[in-house]
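Welcome! Below is a short guided walk through a protein model, written for someone meeting it for the first time. Have a look at the structure, then read on.

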Amino acid sequence: MRISRRKYLELGAMLGVGLALPMGTLSVPVSRLAASASVVSPPVERFTVPLPVPPVLEPVRREEGIDYYEITQRVSNQEILPGLKTEVWGYEGIFPGPTIEARRRRKVVVRQINELPVPVAVHLHGGIMPPESDGYPTDLVAPANGAHDSSTVGAHGSSMHTDDGHEGAANARDYAYPNDQPAATLWYHDHRMDFTGPQVYRGLAGLYLLRDEVEDDLHLPRGEREVPLVIQDRTFEEDGSFYYPSLDPSLMGEHGTLATAINGVFGDTILVNGAPWPYLEVSNTRYRFRMLNGSNARFYDLALDPPPPGGKPLVQVGSDVGLLDKPLAHNRLLGSPAERFDVVVDFSRYEVGQEVTLKNLEGEGRTKEVMRFVINRKEKEESAVPEELASELEVPDPNDAEVTRRFQFIAGGAWGGMSTINFKVFDPERVDARPRLGATEIWDLHADQDHPIHLHLAHFRVVSRNGGPPAPYDVGLKDTVLMRAGDDVRIAARFDGYRGKYVFHCHNLEHEDMMMMANFEVV
Amino acid sequence: MMVAGRSGIGTPTAQHRVAAALAFASQLAHLWILPEEFSARPLVGTFVFLAAVFQGLLAASLLFGPGRWAVRLGILLNATLVLACQPVEKVGTELVATTNEARNAPKMAYSARFTVVGPVDDIRHARSNPWRPGR
């Protein structure tokens, strides 16, 4: 059979335009996905780096009843992996950010100055504060370089003015925290619409410890024996830079991650206070660890290895937003992103010279271990763990509930992308619940896969889990609840403090960025 | 309308060339969104890829004088995608409201819609979305 020149041309055009061109275009994302799936951090010898402790920030000035702080968010280089420099976006340029220590009923005003190349919003996680200081995702602080359309700043209806009359510069904003709540381990972190995941991953998180007289009187371990543990996971590239699989790494264009991370970004290197698998030398006394799961998506099932004789070494004294009414001893503590566990470990139950590893029973390979404690000396015990802690803890009573609402948390996937609450993606203009100020409500939550669910403003207790009693790790007053795939969890939440619009969302930050968020308005 | 010759291999008319240009433009639009769609959602991306292949083959075929099958298939598939988009999306959404198991239906509808109006919609969305910074 003879094929004409015209037919050759036609076949050539069909092959070229119809197949080669699309195949060539497809090769770009295919190779990007393949590269993303194969990134492995440089090896690090575990338990060789001492545990750093984030510095406590000093106020720039104190006035009657108010402490004023200034935090500049900026790019810096930090040695996280030994011998390599990592570019971090840090509060005061450090990762994790400096710790703010506040007293109950003493107001704090934090001026956040944005010298990063992107807009930011700052949320005090677990704090009860007015909506204009809550870090609503579209209440943005513009970057100093003007790369952001200033018309979107204050889109939540707020302005750059603050309660105390300060007016922020174009790239600054004052956040006012009344601190009218019991002592608790809070934390502050970025909350920018669509980009919270990558911005927290680059370093925008820090602790905010709220103290009060009740806690002071308990004589829990303090000083050097009160240690914050901000547990995070990260993946690093060969040159030491963070690897985050953003669709657009500039964080100024399309949001979201590559498909390889559609259900969360999981790092292969465990950091505690910004150091990889660190060690801490301790005496044979009690230590109080304020543990924060600061990871984007990873759950941790924490346990000490070896356990001490008699077991149950993790004595929990507080949860997300305050002390427990009485201590609760655990062998293991399961925690999802954003949850906090305030735990006392008595190292006198071990021998001096022993090494104890904090393990992650959910981890695989390198992520099985978190850090190590080296009991290297004897010291006098000066602390106690009383039988009663916060005996007047006011937990919401489900019998007081006025309304029962149901929310289903459905993650997107390879098919469609966006994650939803009750099958709706986040819309800043839509309000899905209007609780009355001071009211208690029951919220029935259902998760299609693992989701840590966080309510702004409202504190709650877990009433039931899958029809049964709450799990041991659900104890206390909380702002975030761990949900496993298929879980049905009932919470009783109290909407106290302020009227206005707040959000609730999945704290798997990649789900959050893919719209698993909704508004409630306290009326 | 485009009319093919009796032999099944026609001589391209002006209408064929216009149709080929439109098919090629549609292919380019799909190729433009393909990298991001495939990177974020491989299944949707695969659909976009197949649509781009289809539009490219159609364009080449139209340019060199299409057979009846090419013209009819081109009209049929494009019309199906345009006309089916809204009803499928509506049905899919209603299904989702009643059963978890059907929750992939609107995503498939989304894919179909994407094939035809997606690129245009995406551009419009990017321009009109005031709360998404940097867009």
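Two strands are said to pair if DSSP finds at least two bridges between them. Please keep in mind that this is a predicted model.

**A buried strand and its partners**

With that definition in hand, we can begin with strand E14 of chain A, residues 286-293, and strand E19 of chain A: seven bridges join E14(A) to E19(A), and the two run antiparallel. One place to see this is Met291(A), whose bridge partner in E19(A) is Phe341(A). E19(A) also has three bridges to E16(A), again with the strands running antiparallel. Here Gly318(A) stands opposite Asp342(A) of E19(A).

How many residues of strand E19 of chain A are buried? The strand covers residues 340-346, and seven of its seven residues are buried. Arg340(A), Asp342(A), Val344(A) and Asp346(A) point one way from E19(A), while Phe341(A), Val343(A) and Val345(A) point the other way.

**An open sheet from E13 to E18**

Next comes an open sheet in chain A, built from five strands in the order E13-E21-E20-E15-E18, with mixed pairing. Its edge strands are E13 (279-283) and E18 (332-335), each of which pairs on one side only. On average, neighbouring strands of this sheet are turned by 20 degrees against each other, direction ignored.

At the E18 end, strand E15(A), residues 300-305, pairs with E18(A) in the antiparallel sense over four bridges. Within this pair, Ala303(A) stands opposite Arg332(A) in E18(A).

**A second open sheet**

Chain A has another five-stranded open sheet, in the order E23-E22-E25-E29-E27, and its pairing is mixed as well. E23 and E27 of chain A each have a single partner strand, so one side of each is left without a neighbour in the sheet.

The pairings can be followed across this sheet. E22(A) and E23(A), the latter spanning residues 420-421, pair in the antiparallel sense over two bridges. There, Ile410(A) has Thr420(A) as its bridge partner in E23(A). Strand E22(A), residues 403-410, and strand E25(A), residues 440-447, pair in the parallel sense over seven bridges. In that pair, Thr404(A) stands opposite Ile442(A) in E25(A). Towards the other edge, six bridges join E27(A) to strand E29(A), residues 488-494, and these strands run antiparallel. Arg465(A) stands opposite Val489(A) in E29(A).

**Loops worth a look**

Which residues in the loop between E23 and E24 of chain A have a positive phi without being glycine? One of them is Asn422(A), which is found in that loop. Another is Phe423(A), also in the loop between E23 and E24 of chain A. Their values are set side by side here.

| Residue | Phi | Relative accessible area |
|---|---|---|
| Asn422(A) | about 50 degrees | 28%, partly exposed |
| Phe423(A) | near 65 degrees | 26%, partly exposed |

Two peptide bonds that lead into prolines are also worth finding. The bond from Phe95(A) to Pro96(A) is cis, with omega near -5 degrees. Pro96(A) lies in the loop between strand E3 (86-91) and strand E4 (97-103) of chain A. The bond from Asp305(A) to Pro306(A) is cis too, with omega near 0 degrees. Pro306(A) lies in the loop between E15 and strand E16 (314-319) of chain A.

Is Pro469(A) buried or exposed? Pro469(A) is exposed, with a relative accessible area of 67%. Pro469(A) is found in the loop between strand E27 (459-465) and strand E28 (480-483) of chain A. The C-alpha atoms of Pro469(A) and Asn293(A) are separated by 24 Å, with their positions 176 residues apart along the chain.

**A helix pair in chain B**

Finally, let us turn to chain B. Helix H1(B), residues 14-40, packs with helix H2(B), residues 42-63, at an angle of about 160 degrees, and their axes are 7 Å apart. Angles over 145 degrees count as roughly antiparallel, and H1(B) and H2(B) are therefore roughly antiparallel to each other. H1(B) passes H2(B) in a left-handed crossing. By class, their contact has 19 nonpolar, eight polar and two charged residues.

Definitions and conventions:
Residues numbered from 1 in each chain as written. Chains lettered and ligands numbered in written order. Predicted model: local features only at pLDDT ≥ 70, side-chain atom pairs only at ≥ 80, totals over all residues. Heavy atoms only, no water. Axes fitted to C-alpha atoms, helices over the stretch in contact; angles between N-to-C directions. Parallel < 35°, antiparallel > 145°, perpendicular 65-115°, else oblique. Left-handed = near helix turned anticlockwise from the far one by under 90°. Nonpolar A, V, L, I, M, F, W, Y, C, P; charged D, E, K, R; others polar. Buried < 20%, exposed > 50% of the residue type's maximum accessible area, 1.4 Å probe, protein only.
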